Amino acid sequence: MRTWPVTYADPHEFEAGFAALRAEFEIPVGFPPETIAAAATARPTRIERRDLRDVPFVAIDPPGARDLDQIYHATRQGEGYMVLYAIADVASFVRPEDPVDEEARRRGVTIYAPDRRSPLHPPVMSEGSASLLPGVERAAVVWRITLDGSGLVTGTDVTRATVRNRSALTYADVQRQVDAEDTEPALGLLREIGQLRQEAESARGGVSLNLPSQYVANRDGTYVIEYDVPLPVENWNAQISLLTGIAAAELMTQAGIGLLRTLPAPSAKTLGTLRRKSRALDVPFPDDMSYAEWVRSLDTTSPACLALLNQATSGLRGAGYQAVDDDPPPHAAIAAPYTHVTAPLRRLVDRFTTEIALAICAGDEPAPWAVEAIEWLPSVMGRTVQKERRFGQAILDFTEALVMRHRVGETFSAVVVDVEPDRITLQLTEPAIVTESHRTDLHLGDEVTVRLVVCDTSSRTVRFEVI
């Protein structure tokens, strides 16, 4: 992780700016009283549940997380493995068309800002009664997925259960334990299973870009811009979530009912552009090489390949949701049918898809409220996810402008990461800023020096010139 600390701005300036952005993007602050009251009194449905309180589940999340959607456990089973993935049973707390449900339909997703979050459900539920917090019994939906020695799925079951989370660990905690080989067996298996699933993803033709992410964080009262490469454990943990989504999609496609997360394959035009840029940097991308093979071939230590990895994101655009039909499309990055079922506290769609999966496994007809949602969920999720992305980019743009305003006139090192006919995109080496220039005489991968010439917080504009 590279961290760029803020040294010139008062934290209150940040928070005032974040509040103004919430108003601009109509991000909800707080909940209506009737929603809070309904959430505070909600209790899980009294139904028969499997007793899995003795399973030593653990949560693996970012530091300070309280809205815990998932807890994990795994064991060896013969030459293969058994993964138990417990998910918060939000549908047992939220009744169709009650105040909590109606407000969640308006919000769609939890939206995070550096100073506060705008949760999908009231915190009394999302960080309390429904959250899989450590040391307490909780209602959960537990996925039991068996794998062979290659990490391929051999069986899937999902049922409601009572569980107990043994501990809440951060990614850094788990990475240290695994690296030191001083951890419980289930966490050691997380690496083993995660790596097998990464190999299976490659064999399917899937691809994970694993690009460094740029974001604003609050570290002990100081706002910082961080430029972070995921730890290996984050990718292994993500593979468990992907495994569950793939298994759920398989259930739905076999039953002919459900809602899939989809992503179209890169278009011929996009692939042509990527091949042209790859040739310009003398990096092989022959016509008989697939997009996924090309991405995996890129050397992330090379400035030229890092520039191409940034370009590779153009091949992973257009994600959406689609009802299961006779010919369900795969998710291009995963190279398999896939659905969202692992984050119901933070993402609306997961509550409905989980209910459908439970019914399929039980041999029952899915609840009408879950089936009816298949029609309207794609538009609600599309609208709210787009708002979340636009708000997140505005937060980043505002923060960059605020902390750079005292550095107008200074020079910085940068790399050209995109070239278009009328502009180029530059990534500064330090601080972690991406910007554009109208220079047209530069090439992908060029290392240049730039000067900060404009910094305007009101328009969230930071502009550099190449010198």
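Serine 208 is partly exposed, at a relative accessible area of 34% (buried is under 20% relative accessible area, exposed over 50%, and partly exposed in between, with a 1.4 Å probe and protein chains only). This serine 208 sits in the loop between α6 and β9 (213-219), where helices (H or I, at least four residues) and strands (E, at least two) are DSSP runs numbered from the N terminus. From its C-alpha atom to that of valine 466, 258 residues apart along the chain, the separation is 32 Å.

Some housekeeping before going on. This is a predicted model, so local features need pLDDT of at least 70 and side-chain atom pairs count only at pLDDT 80 or more, while totals for chains, interfaces and linings use all residues. Residues are numbered from 1 along each chain as its sequence is written, and side-chain values use heavy atoms, with hydrogens and water left out.

**Salt bridges**

The structure holds 24 salt bridges, each being a side-chain nitrogen of Lys or Arg within 4 Å of a carboxyl oxygen of Asp or Glu. Here are three of them, with the N to O distances.

| Pair | N to O distance |
|---|---|
| Arginine 76 and glutamate 192 | 2.8 Å |
| Arginine 160 and aspartate 89 | 2.7 Å |
| Arginine 160 and glutamate 355 | 2.8 Å |

What does the salt bridge between arginine 160 and glutamate 355 tie together? Arginine 160 belongs to strand β8 and glutamate 355 to helix α11 (residues 348-362), so the pair links parts 195 residues apart in sequence. Both of these residues, arginine 160 and glutamate 355, are buried. For arginine 160 the relative accessibility is 13%, and for aspartate 89 the relative accessible area is 2%, which also counts as buried.

Arginine 160 pairs with aspartate 89 too. With arginine 160 in strand β8 (residues 153-170) and aspartate 89 in the loop between β4 (80-88) and α3 (99-107), this pair ties together parts 71 residues apart in sequence. Add Arg49 to the cast and you have a network: Arg49, Asp89, Arg160 and Glu355 are linked by salt bridges.

Then there is the salt bridge between arginine 76 and glutamate 192. Arginine 76 is in strand β3 (residues 70-77) and glutamate 192 in helix α6 (residues 185-204), so parts 116 residues apart in sequence are tied together. Glutamate 192 is partly exposed, at 27% relative accessible area.

**Helices**

Back to α11, the helix that carries glutamate 355. Twelve of its 15 residues are buried, so α11 is largely enclosed by the rest of the structure. Among the buried ones are Leu348, Phe352, Glu355, Ile356 and Leu358. Just after α11, glycine 363 takes a positive phi of about 75°.

How does the span of helix α12 (residues 368-404) agree with its 37 residues? At 1.5 Å a residue they should span 54 Å, and the end C-alpha atoms are 53 Å apart, which agrees (the expected span is 1.5 Å times one less than the number of residues). Still, α12 has a kink of about 55° at tryptophan 376, shortly before proline 378. That bend is the angle between axes fitted to the seven residues ending at a residue and the seven starting there.

Helix α8 (residues 268-280) includes alanine 280, which is exposed at 62% relative accessibility. Alanine 280 and alanine 268 are twelve residues apart in sequence and 18 Å apart in space, C-alpha to C-alpha.

**The five-stranded sheet**

Five strands make an open antiparallel sheet in the order β15-β14-β13-β16-β17 (two strands pair if DSSP finds at least two bridges between them). At the edges are β15 (434-437) and β17 (461-466), each pairing on one side only. Direction ignored, neighbouring strands of this sheet are turned by 50° against each other on average.

Strands β13 (residues 411-420) and β16 (residues 447-456) run antiparallel and share five bridges; in β16, arginine 451 is the bridge partner of threonine 411. Helix α12 packs on the sheet, touching β13, β15, β16 and β17, and its direction makes about 90° with that of β16. Contact here means heavy atoms within 4.5 Å, while axes are lines fitted to C-alpha atoms, for helices over the stretch in contact, and angles run from 0 to 180 degrees between N-to-C directions.

Six bridges join β16 to β17, again antiparallel, and valine 454 stands opposite arginine 463 in β17. The two strands β16 and β17 form a hairpin with four residues between them, and arginine 460 in the turn has a positive phi of about 55°.

Which side chains of β17 are buried? Val462, Phe464 and Val466 point to one face and are buried, whereas Thr461, Arg463 and Glu465 point to the other and are not. In a regular strand the side chains alternate between the two faces of the sheet.
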